[in-house]
Amino acid sequence: MTITDVRVIVTCPGRNFVLLKIVTDSGLYGVGDGTLNGRELAVAECLREHIAPLLIGRDADCIEDIWQYLFRGAYWRGGPVLNSALAAVDLALWDIKGKRAGLPVYSLLGGKTRQGALAYTHATGETFGEVADNARRFIEQGFKVVRCQCAIPGTVGTYGSGRGNAPTGEALPVEETWEPRPYLQTVPRLFAHLRETLGDEVELFHDVHERLTPIQAARLGKELEPFHLFFLEDPIRPEHKESFRVIRQHTTTPLAMGELFTSKWECLPLITEQLIDFIRCDLAHVGGITEARKIAAIAECYHVQTAWHGPPDISPITHAANVHLDLATPNFGVQEWVVHPPETADVIHGGPTFADGYLHVSDAPGLGCDIDEQAAAKYPYRRAYLPVSRRADGSVQDW
Ligand code: GCO
Ligand code: MG
């Protein structure tokens, strides 16, 4: 089955997405997603100018060989731009393989190990009361795990507490402020309030979003211990993996990390030294299902569970890929999930469905998603940046 056409579709149905359609001579095609929030066009150009010409004439069946060819064959390898482009190709090829076999992708990956993927979503708010009310709303909808973020007094626009990062029309990034002292004081109080008002049954957790130093993260983990978090997410910057030893030495709060990693090698030290409990890479940035299933297999050996990144800035196609992999993975832990803006469904059909705390995908062959290219053309790309954060003294801070 020979690849005859590769089409890159950049569209903004409520959010920017970089989508891919790989067409074969059999008439079957596959869909993929390589959206990289805030740097979308770098991936689109990479796909159009550098990768598409390499795919024409190749056998769509050879996913692993194409993966190796694009990753190692380029000599210059890795990083979020190249590996998001690789992910788009990988997802589309798995979609084709499923369609050709007449089987959903989870079946190709070994079949269901569970009936649904335990899901979490985000409760946010300006005040503790608002976060608790939002979390309660999600619990009533059936969520058994809820991520909780709150505004931090004295700072501007704390990550996770506000409007998110969908396109707003601003020409340049919004600037926010953040300080460790009020943050470290507020978060344990937030969870004390949430446990008091929501009880002990629901699983709660918090995303630090890489903002702390190792010793600050250690302190936070320790102070959160009485509230039994499901995990503490991305406590420190991703570069120096050994720093996790500092956190681990001090706290039994489970740790999750990985949305900024772009390969299995970055995950290795954290997994093999058992410095984390959940690995949460983004399938759209690590090179797709092919790389993520290897990460899951390595993690299985070390009692680390998966919690693939599932924010609104990747399309329902990657969300579907997440759930296909979740269903087939014995050491699956939890799946992040959010509802996309309504216009997204005009362009991308399919994607996971939520019921009573769990995510499901259809039994349709492949990933179960499709792209309406005519609808996509009605939603042109709108440049959008993630916010940038600064400390009170004006220096750059991880957002
Ligand atoms: C999460 C993430 C996201 C990121 C976003 C950046 O846990 O869902 O932290 O909210 O901020 O993906 O593009
Ligand atoms: Mg996160």
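## Getting to know the chain: three exercises

The chain has 14 helices and 18 strands (DSSP runs of H or I with at least four residues, and of E with at least two, numbered from the N terminus). This is a predicted model, where local features need pLDDT of at least 70, side-chain atom pairs count only at pLDDT 80 or more, and totals for chains, interfaces and linings use all residues. Residues are numbered from 1 along each chain as its sequence is written, while chains are lettered from A and ligands numbered from 1 in the order in which they are written.

**Exercise 1.** Find out how compact the chain is, using its radius of gyration.

*Solution.* Start with the radius of gyration, taken over C-alpha atoms: 20 Å. Next, apply the globule rule, 2.2 Å times the number of residues to the power 0.38; for 399 residues it gives 21 Å. The two values are close, so the chain is as compact as a globular protein of that length.

**Exercise 2.** Place Pro254 in the chain and decide whether Pro254 is buried, exposed or partly exposed.

*Solution.* First, locate Pro254 in the loop between helix H8 (244–250) and strand S9 (255–257). Then count neighbours: Pro254 is partly exposed because it has 18 C-beta neighbours inside 10 Å (20 or more would be buried, 12 or fewer exposed, with C-beta atoms placed from the backbone).

**Exercise 3.** List the residues that surround ligand 1 and sort them by class.

*Solution.* Ligand 1 is surrounded by Asn37, Asp207, His209, Glu259, His309, Pro311, Asp313, Glu336 and Leu386 (C-beta atom, placed from the backbone, within 6 Å). Sorting this shell gives two nonpolar, three polar and four charged residues. Here Ala, Val, Leu, Ile, Met, Phe, Trp, Tyr, Cys and Pro count as nonpolar, Asp, Glu, Lys and Arg as charged, and the others, Gly among them, as polar.
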